[in-house]
Amino acid sequence: MIFKRSIYYIWFVFLLGFISVQSIYASDLEFTASVNRLEATLDDRIILMLKVSGAQDVSAPELPTLDGFQVFSSGSSSQVSIVNGKMKATVVFNYVMLPLKEGVLTIGPARLTYKGENYKTEPIEIKVVKDKKPLKKPNAPIHSNNQPLPPSDKDNQDNFFVELTVNKKEAYVNEQLVLSFKFYKRDETVGNIQYVPSETKDFLEESLGEEQSYREKRGESVYDVIELKRAIFPVKTGKLYISPASLKFNLLIRQERRRGSIFNDPFFDDAFFGGYVRKPVVLETNPIEIMVKPYPEENKPADFNGAVGEFNLNATVDPVTVKLGEPVTLKMVVNGEGNIKSITLPEIKEMDKFRNYEPEIKINRMDRDNKIYGEKIFEQVLVPKEPGKQEIREISFSYFNPYTAKYETLKQGPISIEVENVSEEEKNQNSAVEAVPLNQIEKKEITLYGRDINFIKEKAEDIKEKGDLLYKNVFFILLNSFPLGILIVFYFYKRRKDKFKTDVGYARLKIANKAFNKKLQQAKKAMNSGDGKNFYALLAKAMQEYLGNKLNIPAAGITSNVVEEELSHREVSSEILHFIKESFEACDMAKFALGNFSIEDMRNMLKKVENNFSLLDKKL
Amino acid sequence: MKKNLSLFLLFFTGLLLTMPLYAQEIDGSFKQANELYKQRNYQEAEKLYLQLVKQGSVSGNLYYNLGNVYFKLGLKGKAILYYEKAKKIIPRDKDLTSNLSFLNSIIEDKVETTKRSFFIKKIKDIYDAFSLKECTIAASFFYLLLIVFLIVSFFIQAVRSSARWVAGFLGVLILLFSSFLFGKIYQLKYIKEVVITAREATIYYAPSKAEVPAFILHEGLKLGVTKEKEGWYQVRIGDDKGGWVEKDKAEEI
């Protein structure tokens, strides 16, 4: 029984494992779909994001069935994040969806194939409701139409259409392109027009005036045209994508009036009252692809700052004569066709003779030929620092002409001004002018991130030369090794001192020779002064103390026998032993002897003692 | 004794000579560049700061200011690069750490480390808080202090009883800072890191543009270099992934 049960357990675990492997997240890849809102009205845009986690080299996923929506792609973005050392790469594909009808609409599963594996996302349900609030626009009809919105009516295709065009399909970065959206309409009345412009994520935009209305003949028919123009400037190179623009409106179809004239007012635009019937229509243009080329690297001027178009440069200084310390205004005007707003300050050479301040900038637009034309005026306040004839050397401005595909550098100057010298008094009076005219400067800090960075450091106190590594420095190394040497010396010194204190035997051993020699010197003295008795007494003492020190026995306890015993252990030759014995006897005898001692004898004795004891010393 | 003293003084003077000489002209250029920055002339300020760097001047404050300039110019990658350079010299500077963490929060690719054990993280924090120079000085200081203490203990009985504790404590400090020192020297010699400075850098599986690109990284991301080949770096992203990136897309710290 138990056996059978365990089989089932094993099989169950195996099955669980099998199922989990088969889950949607096979291998490392994660594929999810998300939207920015689950409920929307017909006027809202829904953003759909298909996110791939785990790889970036995936191709665009297959879009799901999006019944009831109009979908536009709005590009993709990639990101890498490193969490606890693990790298995760993600790509997000973005889409914009416009709901076309009310109800519960389903975004079906999106599909992706990567390295042979198939992935799909979960479906998402969106609830689309009609707009509850009445529109505040004048003459706007009250929404009370309960009919579901039909898709674009193909019968009316010839009566209206939309067109998105751009004047050039190839351009350089920051080159001016004109994007034009046109709505063609024939003999129809339309209301509640809603325009959804193209997404131009990779472009800077400037509007080119109000919408224009005119009539245009296309083929057999004449249309009423409404045109909206924008100037766009690509911000990066490569294939850039402009998503389709769309137009939603209501086609107003006149119906038989059933009531009297008071109900002719289009305000009562309801099937109940009669009058017009609204038929919603959505039109969309094609998308546009622009090929953006990078600037050529050859001949690129050093002061080229991304200005593209055709320009002129003009520079004037006012006044031309001024007192020392008083300001002059340098006015530089760059005008022409292109992205005027993005033009940067022209380069002015050698400004060290002047104190300069933040320039005041003005832009005037003078569009013509349906393009952006204009001028950017830089007014810079300069205060000369020295008197005499001063010169503003050269002002230059470089730009790239996309029509000739060449760089141009415009130059102005030199401009001379005459600076009158002033007396010391006047100089001090004018010092107030030196203050930075802050009220002229408009502070436009970057508010993009919600904060700014901390300010710069005023002093570079820690500046030093490269390669100045401390640990490699010779002096540093020496500084560190030197004390170690001292320590070692002190250590051994200490050890010796301690040993002297604690180890008596050691101490005695070390002083034995010194003491011996000292005593011998004293004996010598006695010998030379003829004091025989003292000589022999000192000699005996020297030998005694020496042996006592060396053998660590109190000197008084040194007898012949003791000596013989101890020394024989030390492998001392019997000759020396014999000599020592005799020497002691001789000294003893001299103690009690009367009469004189011959210096000859004493000298011999001394010499023998010295020789024998130095031999002895070798063994001790 | 007198001889020893004069010898010691000679060494000390030698050490003083290694201290940074405050060159007047470097200071002038730096101040001038600061003025340009205050006037919002970031392009010119950048040029001046870079000149100082090219001349061979090494300074935490200089790198920090350059980082600021690049942020103002909208070049987040280069800003992070110079902040990282500054971090090696003035690692505890509050302005620097604040700016660097701000920059790291606004770049596209993110790095997060949350998992390390508390103890290891504390040690790593202390390791990061000291520059190479500071570790050298600290290790040397405690070592010299220990020697002085030992010598004194030879002669003063009272000190000797506490000798063991003090010596042990100093010993630990010496060990700590010496190991940091060796770590930092090793890092200096053998470990190379880069920051991506181009707006976008494509990572390939092999050092060739003909290869299929693996993924795209954005400016500001710091990577470790494992190998170099011609115009390419082999980089490590996180602990386990890697690839090749062109050298002109990144710069060494």
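Let me start with a term: a helix here is a DSSP run of H or I with at least four residues, numbered from the N terminus. With that in hand, we can place B:A163, which sits in helix α9 of chain B, residues 157-190. Please keep in mind that this is a predicted model.

Let's stay with B:A163 for a moment. Is B:A163 buried, exposed or partly exposed? A residue needs 20 or more other C-beta atoms within 10 Å to be buried, and 12 or fewer to be exposed. B:A163 has 14 C-beta neighbours inside 10 Å, so it counts as partly exposed. You can also look across to B:L146, which is 17 residues away along the chain. The C-alpha atoms of B:A163 and B:L146 are separated by 9.9 Å.

Now let's step back and meet the two chains. Chain A has 620 residues, of which 24% count as buried. Its secondary structure comprises eight helices and 32 strands. If we take the contacts in chain A with a separation of 6 or more, 71% of them are between residues 24 or more positions apart.

Chain B has 253 residues, and 32% of them count as buried. In chain B you will find nine helices and nine strands. Here, residues 24 or more positions apart make up 54% of the contacts with a separation of 6 or more.

Next, some sheets in chain A. Quick reminder from the textbook: strands of a sheet pair through backbone hydrogen bonds, either parallel or antiparallel. One open sheet in chain A has three strands in the order β2-β9-β6, and its pairing is mixed. Which strands stand at the edges? They are β2 (39-41) and β6 (103-107) of chain A; each has a single partner strand, so one side of each is left without a neighbour in the sheet. From one strand to the next, the twist averages 35°.

Zoom in on one pair in that sheet. Strand β9 of chain A, residues 124-129, runs antiparallel to β6(A), and five bridges join them. If you want a pair of residues to find on the screen, try A:T106, whose bridge partner in β9(A) is A:E125.

There is another open sheet of three strands in chain A, ordered β11-β20-β17, again with mixed pairing. Its edges are β11 (170-172) and β17 (238-242) of chain A, and because each has a single partner strand, one side of each lacks a neighbour in the sheet. Neighbouring strands in this sheet are turned by 35° against each other on average, direction ignored. Strand β20 of chain A, residues 288-293, pairs with β11(A) in the parallel sense over three bridges. In that pairing, A:A171 has A:V292 in β20(A) as its bridge partner.

Over to chain B, and a residue in a strand this time. B:T202 lies in strand β4 of chain B, residues 200-204. With 18 C-beta neighbours inside 10 Å, B:T202 counts as partly exposed. Leaving aside residues up to four places away in sequence, B:T202 touches B:P213 and B:I216. For a longer jump along the chain, take B:E246, 44 residues from B:T202, where the two C-alpha atoms are separated by 8.1 Å.

Finally, how do the chains meet? The contact takes 42 residues from chain A and 61 residues from chain B. On the side of chain B that touches chain A, helix α8 (residues 132-155) gives the most, with ten residues. By class, that side of chain B has 31 nonpolar, 18 polar and twelve charged residues.

So what does α8(B) pack against? Its partner is helix α3 of chain A, residues 474-502; the two pack at an angle of about 20°, with their axes 10 Å apart. Angles under 35 degrees count as roughly parallel, and α3(A) and α8(B) are therefore roughly parallel to each other. Their crossing is left-handed. Among the residues that meet here are A:L484, A:L487 and A:F490 in α3(A), and B:Y143, B:I147 and B:F154 in α8(B). The residues of this contact divide into eleven nonpolar, two polar and one charged.

The chains also share strand pairing. Strand β32 of chain A (residues 464-465) and strand β1 of chain B (residues 57-58) run antiparallel, joined by two bridges. There, A:E465 stands opposite B:S57 in β1(B). Thanks for listening!

Definitions and conventions:
Residues numbered from 1 in each chain as written. Chains lettered and ligands numbered in written order. Predicted model: local features only at pLDDT ≥ 70, side-chain atom pairs only at ≥ 80, totals over all residues. Contact = placed C-beta atoms within 7 Å. Nonpolar A, V, L, I, M, F, W, Y, C, P; charged D, E, K, R; others polar. Pairing = 2+ DSSP bridges. Axes fitted to C-alpha atoms, helices over the stretch in contact; angles between N-to-C directions. Parallel < 35°, antiparallel > 145°, perpendicular 65-115°, else oblique. Left-handed = near helix turned anticlockwise from the far one by under 90°.
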